[in-house]
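Subject: A structure for you to explore

Hello,

Here is the structure I promised to pass on to you. Have a look at it first, and then read on for what turned up in it.

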Amino acid sequence: MNPDSKIFVTGHRGMVGSAIVRRLQAGGYSNIVTRTRTELDLLDQSAVHTFFRDEKPDYVFVAAAKVGGIQANNTFRADFLYQNLLIEANLIHGAHLADVDRLMFLGSSCIYPRDCNQPIKEEYLLTGSLEPTNEPYAIAKIAGVKLTESYNRQYGRKYVSVMPTNLYGPNDNYDLASSHVLPALLRKAHEAHTRGDQEMVVWGSGAPRREFLHVDDLADGCVFLLERDYDGPLLNVGTGADVTIGELAEIVMDVVGFRGRIVYDRSKPDGTPRKLLDVSRLAALGWRARTPLRAGIRAAYEAAPFFE
Ligand code: GDP
């Protein structure tokens, strides 16, 4: 890619898309194209196809998606499946029709089987059953991976799929009903601290293990691949280390300065017991995550909308 290549970043108001835009700008890319939802509805096939025909970007980041935490995924199952299938199908097929040769599809580590060996290698995809709480979202993301692979096989495109682990950072969703665990715990700890509460509620048993990647690291990894013209198979992006939800809650409380007790709400689901990505394929290309978890959580806290 040249500094003036036209790069279309979808989902630029979201956590991932906005991080990719920041990283591209920092890297000197000057021709970044974005569209708000009112300007371009990604669920509208003909609008997306017309956009590609008119704009003909050199590269597309598929960072737009309907996303959410365990409760949102489990509740709005039809919306997660339908909207994600349409967004990725419209973007990938639309890019192909306009002869856009390069594209990066962002997925999620939940595409892998629930009970697969850890750390999770890319080749474990489709070797077992999925975690039920986010199966519709995972099926949509698996379809996206297969779209990129199939357009490459049938039409010789260079579309790549990247699977990040659990992400956090600026522009995260802090709505407690629909957010992921890390922003939820930051907000709960902050509010408990502000109110002078004695305790804070954490969903589930605290025992599940999760790996957390700062979104700026993800964006850096994506631009690393773009700049190396990577057009190989599916790639995991993570830190290579995980913590229990209980340990995460302790770190968050420490960062916020809240000294109360943790109360586990076992009526809420644990979800997947563990999903630690094997990141050796990406490491072999020369990239690794840089942000230590505690420093990243502190930075996310200071960027949170409720931080004063
Ligand atoms: P997942 O990685 O797809 O399971 O999504 P989440 O990030 O929403 O949840 C990860 C784990 O954190 C699950 O075991 C949740 O039950 C647990 N968890 C603990 N407290 C919370 C909370 O307040 N919000 C969310 N979303 N998850 C929580």
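Before we start, one term: a polar contact is a pair of N or O atoms within 3.5 Å, and within protein one of them must be able to donate a hydrogen and the other to accept it. Please also keep in mind that this is a predicted model.

With that term in hand, go to Thr10. The side chain of Thr10 reaches the backbone nitrogen of Ala64 at 3.1 Å. A polar atom of that same side chain lies 3.0 Å from the backbone nitrogen of Ala63. You will find Thr10 in the loop between β1 (7–9) and α1 (15–26). Is Thr10 buried or exposed? Buried means under 20% relative accessible area, and Thr10 has 2%, so it counts as buried. Leaving out residues up to four places away in sequence, Thr10 touches Gly17, Leu42, Phe61, Val62, Ala63, Ala64 and Leu91.

Next, the six-stranded sheet. What is the order of its strands? Reading across, you get β2-β1-β3-β4-β5-β10, an open sheet with parallel pairing. At the edges stand β2 (32–33) and β10 (235–237); each has a single partner strand, so one side of each has no neighbour in the sheet.

You can walk through this sheet pair by pair:

- β1 and β3 run parallel and are joined by three bridges; Ile7 has Tyr59 in β3 as its bridge partner.
- β3 and β4 run parallel with four bridges between them. Here Tyr59 is partnered by Arg102 in β4, and Phe61 by Met104.
- β4 and β5 pair in the parallel sense over five bridges, and the partner of Arg102 in β5 is Lys158.
- β5 and β10 run parallel, joined by three bridges, and Met163 stands opposite Asn236 in β10.

Two of these strands deserve a second look. In β3, Tyr59 and Phe61 point one way while Val60 and Val62 point the other way, and all are buried. How many residues of β4 are buried? Five of the five are, so β4 is largely enclosed by the rest of the structure. Both faces of β4 are covered, with Arg102, Met104 and Leu106 on one side and Leu103 and Phe105 on the other.

There is also an open sheet of three strands, in the order β11-β8-β13, and its pairing is mixed. Its edges are β11 (243–244) and β13 (274–275); each has a single partner strand, so one side of each is left without a neighbour in the sheet. Strand β8 (residues 209–210) pairs with β11 in the antiparallel sense over two bridges, and Arg210 has Val243 as its bridge partner in β11.

Now for the nonpolar residues. In soluble globular proteins, nonpolar side chains tend to be buried together. The largest nonpolar core in this model has 38 residues, and those with the most contacts inside it are Phe8, Phe52, Leu91, Leu103, Ile111 and Tyr112. Which elements each supply at least two residues of this core? They are the helices α2 (45–55), α4 (77–97) and α5 (135–155), and the strands β3 (59–62), β4 (102–106) and β5 (158–164). Apart from this core lies another, of 32 residues, among them Leu167, Val215, Leu218 and Val223. Try selecting Tyr112 as well: leaving aside its neighbours within four places in sequence, its contacts include Ile120, Tyr124, Leu130, Met163, Asn236 and Leu277.

Last comes the ligand. It is surrounded by 18 residues, and the closest are Ile70, Lys188, Arg210, Pro269 and Asp270. Arg210 is the residue you met above as the bridge partner of Val243. Among the elements, α6 (181–195) and β7 (199–203) each supply at least two residues of the shell around the ligand, and α6 gives the most, with four.

Three polar pairs are easy to look up. A polar side-chain atom of Asn166 lies 3.1 Å from an oxygen atom of the ligand. A backbone N or O atom of Trp203 is 2.9 Å from a ligand nitrogen. A polar backbone atom of Pro269 is 2.7 Å from an oxygen atom of the ligand. Taken alone, the ligand exposes 540 Å², and the protein buries 98% of that.

Enjoy looking around, and write back with any questions!

Best wishes

Notes. Residues numbered from 1 in each chain as written. Predicted model: local features only at pLDDT ≥ 70, side-chain atom pairs only at ≥ 80, totals over all residues. Heavy atoms only, no water. Pairing = 2+ DSSP bridges. Core = buried A, V, L, I, M, F, W, Y, C linked by side-chain atoms within 4.5 Å. Buried < 20%, exposed > 50% of the residue type's maximum accessible area, 1.4 Å probe, protein only. Contact = heavy atoms within 4.5 Å. Near = heavy atom within 4 Å. Areas by Shrake-Rupley, 256 points an atom, 1.4 Å probe, with all protein chains shown as cover.
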